Amino acid sequence: MAEDFGRDIGAAERMVREWQDRAAEKAEKFNRLQQQVEQISVTETSRDGAIRVTVASTGMLQDLQLADNANNRPMPRLGAEIMRLVQQAQAKIPGQMQEAVEGTVGLADSAAQHVLDQARKHFPEPPPEEEPPRGTRSNEIRPAVEDDYQPPQRRQSPGRRRPDDFDDDFGNGSFLR
């Protein structure tokens, strides 16, 4: 009976060591996954090359570059193009994360699947690109706007009077005589 008890303890110890080894191996894989995910960045460029954005794995904008010809666009259109490029870049993050998961912990891991599901939720596919209205071109040139702004003229408040506006009712002398 004591022999059976000793055998059971030995088996339990082996089981615990195997569990610890698997846990350490899994922790190492998740550390590699974290390092790979932190290195992910995606760059998107406009068709004409005038706008270039780079986003990190967190979806945050890391870099924005505008070529000189980017200012040929109306400001609302420029802003919309920048946002569209950021969304396109963000939408590619889940795919790159999936590649990192496949190469480290594997797609069968439930924790890794949760991370991927969250990435897809936060970085969905962007809406389809809207075509510019007919007659507008990407290299549209806008005429210069002349500045016809004139600052408002200072007006004297009606309650104040200048010294030369005072009445001379008392002559050159004082009225306190």
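## A first look: Lys 29 and Glu 25

Let's start with one residue, Lys 29, which is partly exposed, with a relative accessible area of 25%. Keep in mind as you read that this is a predicted model. The side chain of Lys 29 meets that of Glu 25 in a salt bridge, with 3.4 Å from N to O. Both residues belong to helix α1, which spans residues 2-38, and they are four residues apart, so about one helical turn separates them.

Glu 25 is partly exposed too, at 45% relative accessibility. Where else does a look at Glu 25 along the chain lead us, 80 residues apart? The answer is Val 105: the C-alpha atoms of Glu 25 and Val 105 are separated by 9.6 Å.

## A bridge between distant parts of the chain

The pair we just met is one part of a wider picture, for a search of the whole structure finds eight salt bridges. Another of them joins Lys 92 and Glu 44, whose closest N and O atoms are 2.4 Å apart. This pair links distant parts of the chain, with the two positions 48 residues apart in numbering. Lys 92 sits in the loop between α2 (75-91) and α3 (93-103), while Glu 44 is found in strand β1, residues 41-45.

Is Glu 44 buried or exposed? With a relative accessible area of 11%, Glu 44 is buried. Its partner Lys 92 counts as partly exposed, at 44% relative accessibility.

## A network that includes helix α2

Now let's turn to helix α2, where Glu 81 and Arg 77 both lie, four residues apart, or about one turn of the helix. These two form a salt bridge, and their closest N and O atoms are 3.5 Å apart. Glu 81 counts as buried because its relative accessibility is 12%, and the cut-off for buried is under 20%. Arg 77, by contrast, is partly exposed, with a relative accessible area of 24%.

Which residues are joined with this pair into one network? Salt bridges that share partners connect Arg 77 and Glu 81 with Asp 48 and Arg 73.

## How α3 and α4 pack

Two helices further along the chain are also worth a visit. Helix α3 packs against helix α4, residues 110-122, at an angle of about 170°, and their axes are 9 Å apart. Because of that angle, α3 is roughly antiparallel to α4.

Which residues make the contact? From α3 come Pro 94, Met 97, Gln 98 and Val 101. From α4 come Ala 112, Val 115, Leu 116, Ala 119 and Arg 120. Sorted by kind, the residues of this contact divide into seven nonpolar, one polar and one charged.

## The loop between α3 and α4

Our last stop is Asp 109, which is placed in the loop between α3 and α4. Asp 109 is buried, with a relative accessible area of 12%.

What does Asp 109 touch, once its neighbours within four places in sequence are left aside? The residues in contact with Asp 109 are Lys 26 and Phe 30. Both of those numbers fall within the span of helix α1, residues 2-38, the helix where this tour began with Lys 29 and Glu 25.

Conventions:
Residues numbered from 1 in each chain as written. Predicted model: local features only at pLDDT ≥ 70, side-chain atom pairs only at ≥ 80, totals over all residues. Heavy atoms only, no water. Salt bridge = Lys/Arg side-chain N within 4 Å of Asp/Glu carboxyl O. Buried < 20%, exposed > 50% of the residue type's maximum accessible area, 1.4 Å probe, protein only. Axes fitted to C-alpha atoms, helices over the stretch in contact; angles between N-to-C directions. Parallel < 35°, antiparallel > 145°, perpendicular 65-115°, else oblique. Contact = heavy atoms within 4.5 Å. Nonpolar A, V, L, I, M, F, W, Y, C, P; charged D, E, K, R; others polar.
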